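Please open the structure in your viewer and keep the selection tool at hand. The stops below are meant to be followed in order.

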Amino acid sequence: FVGCGGEYAGWKDTAVGELHFKIPEDWENFNSTDDSQVYNIGKKDDNVSITISLQDPRYTDKDDFLDAWINKNGSDIQVLEDEKIAGEPVHHFIWNAFFREDVIIDAYLLDIPSGVVRIQTLYPADLDENPVKEQFDLIVKSMKIEK
């Protein structure tokens, strides 16, 4: 992550476990632990956020985590085609949930040396599109795994 020019001007480096990525400098982390980065965008009641977090260590890998979530939430989860983040395969799913209002959670599961990372964005279901999709896509694009 040398330099922060171009599309990353005004962004800073951060990490969860071995997963390193960039986020806008002015975003406030609402959970300042080594295991989780939670960014509420705008007012907390807007239900717009980006979360990048290391999951409970009882999950052995992304398959185990996804199976547990499907068993818990059933048909509310729509599993999409696998993709790659930081050159590694990820599971991608969308989940309709309720947090003060109906929301859409667009999430990826990634295995890193220290465990399973959930990378997600949450936004109100009544919006036509995710209001932080552009920033979320740039964050994901910047991800690198320290090996």
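Select Ser49 together with Leu122: in this predicted model, Leu122 of strand E9 is the bridge partner of Ser49. Extend the selection to residues 49–54, strand E4, and to residues 115–124, strand E9. The two strands run antiparallel to each other and are paired over six bridges.

Next, show the side chains of E4. Ser49, Thr51 and Ser53 point one way, while Ile50, Ile52 and Leu54 point the other way. Are these residues buried or exposed? Both sets are buried, and the strand is accordingly described as mostly covered, with six of its six residues buried.

Now turn to the salt bridges, of which the structure holds six. Select Glu7 and Lys141, whose closest N and O atoms lie 2.6 Å apart. This pair links distant parts of the chain, 134 residues apart: Glu7 belongs to the segment before strand E1 (11–16), and Lys141 to helix H2 (residues 133–142). Glu7 is partly exposed at 43% relative accessibility, whereas Lys141 is exposed at 53%.

Remain on helix H2 and select Asp137 and Lys133, which form a salt bridge with an N to O distance of 2.7 Å. Because they are four residues apart in this helix, about one helical turn separates them. Asp137 is partly exposed, with a relative accessible area of 36%; Lys133 is also partly exposed, at 45%.

Finally, select Asp56 and Arg58, a salt bridge whose closest N and O atoms are 3.4 Å apart. Asp56 is partly exposed at 36% relative accessibility, and Arg58 is exposed at 58%.

Conventions: Residues are numbered from 1 along each chain as its sequence is written. This is a predicted model: local features need pLDDT of at least 70, side-chain atom pairs count only at pLDDT 80 or more; totals for chains, interfaces and linings use all residues. Side-chain values use heavy atoms; hydrogens and water are left out. Buried means under 20% relative accessible area, exposed over 50%, partly exposed in between (1.4 Å probe, protein chains only). Two strands pair if DSSP finds at least two bridges between them. A salt bridge is a side-chain nitrogen of Lys or Arg within 4 Å of a carboxyl oxygen of Asp or Glu.
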